[in-house]
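Please look over the sequence and the model shown here; a short report on the fold and the surface follows.

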Amino acid sequence: KEEKDDEAWLAVAGERKAEAAAESKGDPAMRIDMAAVEKAERQPPAEDYEKLERELEAECLVVFELPDGSEGEKHFKMGHTVQVLKSFVEVEYEIPMAEQRLYLDEQVMLDPLTLSDYPTIRP
């Protein structure tokens with residue numbers, strides 16, 4: 001046990017020597033608490049949550065080009081998934097979700113993604 005205590009004391013003494021050396025050269029000693037940094041990264045400030053919530057709640061108009069050549073449209077929230085859009089099309093236009101392919105500028109839209117995941121879609 002004494003060896004471990006000695007090692008801990010030596011480590012602390014070594015840190016203090018390094019700090020003293022840095023201060024003597026005119027460099028202020030700095031310590032960074034990485035645990036605090038990691039905690040801050042995991043828990044963004046409440047303002048960030050509020051901003052994200054506002055962005056996902058914002059609405060945009062989606063225009064559907066239907067197989068018969070007609071168009072349909074509806075406002076959706078930016079946080080809605082492509083699957084939600086397909087569900088709307090299934091209910092409103094009786095096109096089964098399994099048979100649908102939604103495209104944005106010739107790119108297939110993937111079910112688990114939200115409208116906010118597509119940078120060209122703006123509220």
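## Fold and surface

From the N terminus on, the elements of this chain follow the order α-α-α-β-β-α-β-β, which gives four helices and four strands, where helices (H or I, at least four residues) and strands (E, at least two) are DSSP runs numbered from the N terminus. The model is predicted, so that local features need pLDDT of at least 70 and side-chain atom pairs count only at pLDDT 80 or more, while totals for chains, interfaces and linings use all residues. Residues are numbered from 1 along each chain as its sequence is written, and side-chain values use heavy atoms, with hydrogens and water left out.

Of the 123 residues in the chain, 17% are buried, a term for under 20% relative accessible area, with exposed meaning over 50% and partly exposed in between (1.4 Å probe, protein chains only). The accessible surface of the chain comes to about 10,000 Å², and 52% of this belongs to carbon and sulfur atoms; such areas come from the Shrake-Rupley method with a 1.4 Å probe, and for residues only the protein chains shown count as cover.

Two residues of the surface are set out below.

| Residue | Place | Relative accessible area |
|---|---|---|
| Leu110 | segment after strand E4 (107-108) | 48%, partly exposed |
| Glu50 | helix H3 (residues 46-57) | 46%, partly exposed |

Leu110 joins Tyr103 and Val108 in a nonpolar surface patch of about 290 Å², whereas Glu50 gathers with Glu47, Asp48 and Glu53 in a surface patch of negative charge. Patches are made of residues with over 30% relative accessible area and no salt bridge, like charges being joined within 9 Å and nonpolar side chains (Val, Leu, Ile, Met, Phe, Trp, Tyr) within 5 Å. A salt bridge is a side-chain nitrogen of Lys or Arg within 4 Å of a carboxyl oxygen of Asp or Glu.

Key
Lys and Arg count as positive and Asp and Glu as negative; His and the chain ends are not counted. The place of a charge is taken as NZ of Lys, CZ of Arg, CG of Asp or CD of Glu.
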